[in-house]
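I opened the model to look up a few things before going back to the bench. These are my notes, in the order I took them.

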Amino acid sequence: LEAVRLAREAWERAADPWDTFIETGADYHRLELHGPALLRAVGKVRGLRVLDVGCGQGYFSRKLAAKGARVVGIDWSRSQITNALRHESERPQGIEYVRMDARDLGRTRKEGKFNLVVSCMALMDMPRPGPVLRGVSKVLNPEGRLVFSITHPFNTSPVSRWTHAKVGKHGPRIVDRYFDEVPVVFPWVLRGTDYKLNSPEWHRPLSVWFEILRKAGFHVTRLWEPTPTEVQSKTIPGLEGCSRIPFYLIVEARLS
Ligand SMILES: C[S@@+](CC[C@H](N)C(=O)[O-])C[C@H]1O[C@@H](n2cnc3c(N)ncnc32)[C@H](O)[C@@H]1O
């Protein structure tokens with residue numbers, strides 16, 4: 001419970017630096033790697049009713065709306081939703097933002113309303129994604145898809161860090177305690193700001209994610225581990241590591 005409170009407060013407080021981090025292009029992992037990969041995974045969305053779970057300041061909701069989707073974004077943080085609404089009023093795309101805890105989705109009267117539910121880098125920030133995904137299974141049309149990105153479980157292990165090489169690139173990466181299911185805090189200074197984000201992520205082995213999905217009524221239909229292109233790894237030094245170990249995981253699932 002303590003970790004839940006920390007998570008909630010961390011995202012609430014971080015809203016403005018987080019917005020700067022994204023809007024200035026400093027979050028190049030998102031711009032170059034996991035964002036485009038998630039967009040490719042969702043495919044054509046024109047005319048679809050889409051729900052974005054844990055939408056934050058609306059980065060991915062806006063990407064979907066720009067491709068012709070009718071988007072509803074939800075987030076439990078008031079300040080994140082405030083920033084999302086500000087973007088919407090500056091450049092209206094018809095996106096609806098609702099402040100709510102994703103665990104309450106099952107209690108809304110929106111059964112089968114969405115053709116697609118997406119979540120961009122948010123489910124690993126939730127302590128109990130099971131109830132969230134059960135709610136998603138209710139609001140999703142039986143023919144619909146769930147597509148989400150998370151930090152790769154390999155990389156959220158409680159011990160996960162590069163060793164130092166004498167010259168140049170990182171040395172090998174140390175990963176340990178992969179099978180522990182624990183909240184992990186990797187203190188993270190948002191590039192381009194001096195803000196230290198301390199939000200916990202809930203680490204779970206890959207098999208546990210599959211079990212959570214299965215119990216929520218989903219089966220996995222596709223899975224991606226996006227890597228940078230050769231050019232990207234050469235020209236963007238910070239992405240080189242992403243071609244050596246998996247940083248992100250993208251999952252497509254359907255109702256069973
Ligand atoms: C890493 S941010 C990602 C935000 C956005 N999807 C993006 O790609 O920029 C994770 C978001 O999940 C939200 N979140 C975490 N737990 C939540 C919950 N139980 N209900 C709704 N939103 C939640 C946080 O407030 C935060 O905005």
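The entries below go from the whole chain down to single residues.

**Entry 1. Overall**

I note at the start that this is a predicted model. I counted the secondary structure of the protein chain and got 8 helices and 13 strands. The radius of gyration came out at 18 Å, close to the 18 Å that the globule rule gives for 256 residues, so the chain is as compact as a globular protein of that length. I then took the span of the C-alpha trace along its principal axes, which is about 60 × 40 × 40 Å. What share of the 256 residues is buried? I found 52%.

**Entry 2. Helix α4**

I looked at helix α4, residues 59-66, to see how it sits in the structure. Of its 8 residues, 6 are buried, so the helix is largely enclosed by the rest of the structure. Which residues of α4 are the buried ones? I listed Y59, F60, S61, R62, L64 and A65. After α4 comes G68, and I wrote down a positive phi near 95° for this glycine.

**Entry 3. Salt bridges**

Side chains of opposite charge can pair when their charged atoms come close. I found 14 salt bridges in the structure, and I went through some of them.

R103 pairs with D101, with 2.6 Å between the closest N and O atoms. Are the two partners buried or exposed? D101 has a relative accessible area of 12%, under the 20% cut-off, so I put it down as buried. R103 is at 34% and therefore counts as partly exposed.

The next pair I checked was D104 with R107, at 3.4 Å from N to O. D104 has a relative accessible area of 27% and is partly exposed. R107 is exposed, because its 70% lies over the 50% cut-off.

I also looked up E240 and R244, whose closest N and O atoms are 3.4 Å apart. E240 is buried at 13%, while R244 is partly exposed at 37%.

Finally, I noted a network of salt bridges that links E2, R5 and E9.

**Entry 4. A positive patch**

Which residues form the positive surface patch? I have R128, R134, K138 and K215. I followed up on R134, which sits in helix α6, residues 129-139. Its relative accessibility is 39%, so R134 counts as partly exposed. A residue in a patch must have over 30% relative accessible area and no salt bridge, and the 39% of R134 is therefore in line with the first of these conditions.

**Entry 5. Positive phi outside glycine**

I looked at two residues other than glycine that have a positive phi.

M121 has a phi near 55°. I placed M121 in the loop between β4 (114-120) and α6. Is M121 buried or exposed? M121 is buried, because its relative accessibility of 14% falls under 20%.

R177 has a phi near 60°. R177 lies in the loop between β7 (173-176) and β8 (182-184). At 41% relative accessibility, I recorded R177 as partly exposed.

**Entry 6. Two C-alpha distances**

I took L223 and V98, which are 125 residues apart along the chain. How far apart are their C-alpha atoms? The separation is 29 Å. L223 belongs to strand β12, residues 218-224. With a relative accessible area of 38%, L223 is partly exposed.

I did the same for P200 and L48, which lie 152 residues apart in sequence. From C-alpha to C-alpha I got 33 Å. P200 is in the loop between β10 (196-197) and β11 (201-203). P200 is buried, with a relative accessible area of 3%.

Conventions
Residues are numbered from 1 along each chain as its sequence is written. This is a predicted model: local features need pLDDT of at least 70, side-chain atom pairs count only at pLDDT 80 or more; totals for chains, interfaces and linings use all residues. Side-chain values use heavy atoms; hydrogens and water are left out. Patches are made of residues with over 30% relative accessible area and no salt bridge: like charges are joined within 9 Å, nonpolar side chains (Val, Leu, Ile, Met, Phe, Trp, Tyr) within 5 Å. Accessible areas come from the Shrake-Rupley method with a 1.4 Å probe; for residues, only the protein chains shown count as cover. A salt bridge is a side-chain nitrogen of Lys or Arg within 4 Å of a carboxyl oxygen of Asp or Glu. Lys and Arg count as positive and Asp and Glu as negative; His and the chain ends are not counted. The place of a charge is taken as NZ of Lys, CZ of Arg, CG of Asp or CD of Glu. Helices (H or I, at least four residues) and strands (E, at least two) are DSSP runs, numbered from the N terminus. Buried means under 20% relative accessible area, exposed over 50%, partly exposed in between (1.4 Å probe, protein chains only). The radius of gyration is taken over C-alpha atoms; the globule rule is 2.2 Å times the number of residues to the power 0.38.
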